[in-house]
Amino acid sequence: MALYNLTVNNKKVRVDVEPDMPLLWVIRDFADLKGTKFGCGMALCGACTIHLNGQPVRSCQLPVSGIQKNDKITTIEGIGENKLSVVQKAWIEEQVPQCGYCQSGQIMSAVALLKSNPDPSDTDIDAAMSGNLCRCGTYDRIRKAIHRAAEEMKVSSNGIGKVGKNEVIAKP
C-alpha cells in the first residue's frame, strides 16, 4: 500500500492503495464518483475516459502511481461544475443516450475535442471520437450533439445567450 494525494474535480482526495491499482477504481471506489465506467478494461472502448490535466485518458489502464503530485483529474462529475456543461446539455437535447453506458466517456472525449477544436467538421469528430465505442450505435446523434455544443459555445462567446431550443437572446 502507498499513500497518494490526488486532485479530483478540484477536490483533494487522499487514498492508501496499491500502486498498480487503476485510477478508474480509485475514482469509483475511493473518491466515490461512479460516473466513470468500466468497459473493456484494456483501454479500447473509452467508457473509462477521464481528463488528466485536460487531456482525455483511459483510466482503466492508468495506475494510480502514474499520477504526479500536481496532476489534475477531471471526471464526468467535474466538467459542469455543479451544473450541466454545454456538451451535456447538447447530449440531452439531441437525445444521444440509449443504454447510456458509454456516455460519460463519450462526453469526456467530446469536451476535450471542443477545447482543442471549437469548430470541428464531421471528419474531425469521427477521428476524435473513434476510440469511444457505443454498442447502441448512436454515432449520428453524438455527431449532432457535438455540432450543437460547438454552436452553443460560439453563441456564448459572441455575447449572445441561447435560452431554449429555438430562443436566442442578447446578453447585456
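Buried residues, those under 20% relative accessible area with a 1.4 Å probe and protein chains only, make up 42% of the 172 residues in the chain. On the same scale, exposed means over 50%, and partly exposed lies in between. The model is predicted: local features need pLDDT of at least 70, side-chain atom pairs count only at pLDDT 80 or more, and totals for chains, interfaces and linings use all residues. Residues are numbered from 1 along each chain as its sequence is written, and side-chain values use heavy atoms, with hydrogens and water left out.

The chain has a radius of gyration of 17 Å, which agrees with the value near 16 Å for a compact globule of 172 residues. That radius is taken over C-alpha atoms, and the globule rule is 2.2 Å times the number of residues to the power 0.38. The C-alpha trace spans about 55 × 40 × 25 Å along its principal axes. The accessible surface comes to about 9,600 Å². Carbon and sulfur atoms account for 51% of that surface. Accessible areas come from the Shrake-Rupley method with a 1.4 Å probe; for residues, only the protein chains shown count as cover.

Charge was examined next. The chain carries 21 positive and 18 negative side chains. The centres of the two sets lie 3 Å apart. Lys and Arg count as positive and Asp and Glu as negative, while His and the chain ends are not counted. Each charge is placed at NZ of Lys, CZ of Arg, CG of Asp or CD of Glu.

Five helices and seven strands form the secondary structure. Their order along the sequence is β-β-α-β-β-β-α-α-α-α-β-β. Helices (H or I, at least four residues) and strands (E, at least two) are DSSP runs, numbered from the N terminus. Contacts, meaning heavy atoms within 4.5 Å, often link distant parts of the sequence. Of the contacts with a separation of 6 or more, 52% are between residues 24 or more positions apart.

Helix 1 covers residues 23-30. Its buried residues are Leu-23, Leu-24, Val-26, Ile-27 and Arg-28. An α-helix has 3.6 residues a turn, so residues three or four places apart point the same way. The cover over the buried residues of helix 1 includes strand 1 (2-8), strand 2 (11-17), strand 3 (49-52) and strand 5 (72-74).

Tyr-4 belongs to strand 1. Tyr-4 is buried, with a relative accessible area of 14%. Leaving aside neighbours within four places in sequence, Tyr-4 is in contact with Val-13, Arg-14, Val-15, Val-17, Pro-19, Val-64 and Ser-65. Tyr-4 and Gln-68 are 64 residues apart in sequence, yet their C-alpha atoms are 9.3 Å apart in space.

The loop between helix 1 and strand 3 holds Asp-32, Thr-36 and Ala-43. Most residues other than glycine have a negative phi. Asp-32, just after helix 1, instead takes a positive phi of about 60 degrees. Asp-32 is exposed, with a relative accessible area of 55%. Ala-43 likewise has a positive phi of about 60 degrees although it is not a glycine. Ala-43 is partly exposed at 29% relative accessible area. Thr-36 is buried, with a relative accessible area of 1%. Not counting residues up to four places away in sequence, the residues that Thr-36 touches include Leu-24, Ile-27 and Arg-28. Others among them are Thr-49, Ile-50, Thr-75, Ile-76 and Ser-104.

Strand 3 is covered on both faces. Thr-49 and His-51 are buried on one side, and Ile-50 and Leu-52 are buried on the other. In a regular strand the side chains alternate between the two faces of the sheet. Two strands pair if DSSP finds at least two bridges between them. Strand 3 and strand 4 (residues 55-58) run antiparallel and are joined by four bridges. Leu-52 stands opposite Gln-55 in strand 4, and His-51 stands opposite Pro-56. The hairpin of these strands has two residues between them. Asn-53 in this hairpin takes a positive phi near 55 degrees. Strand 3 also pairs with strand 5 in the antiparallel sense, over two bridges. There, His-51 stands opposite Thr-74.
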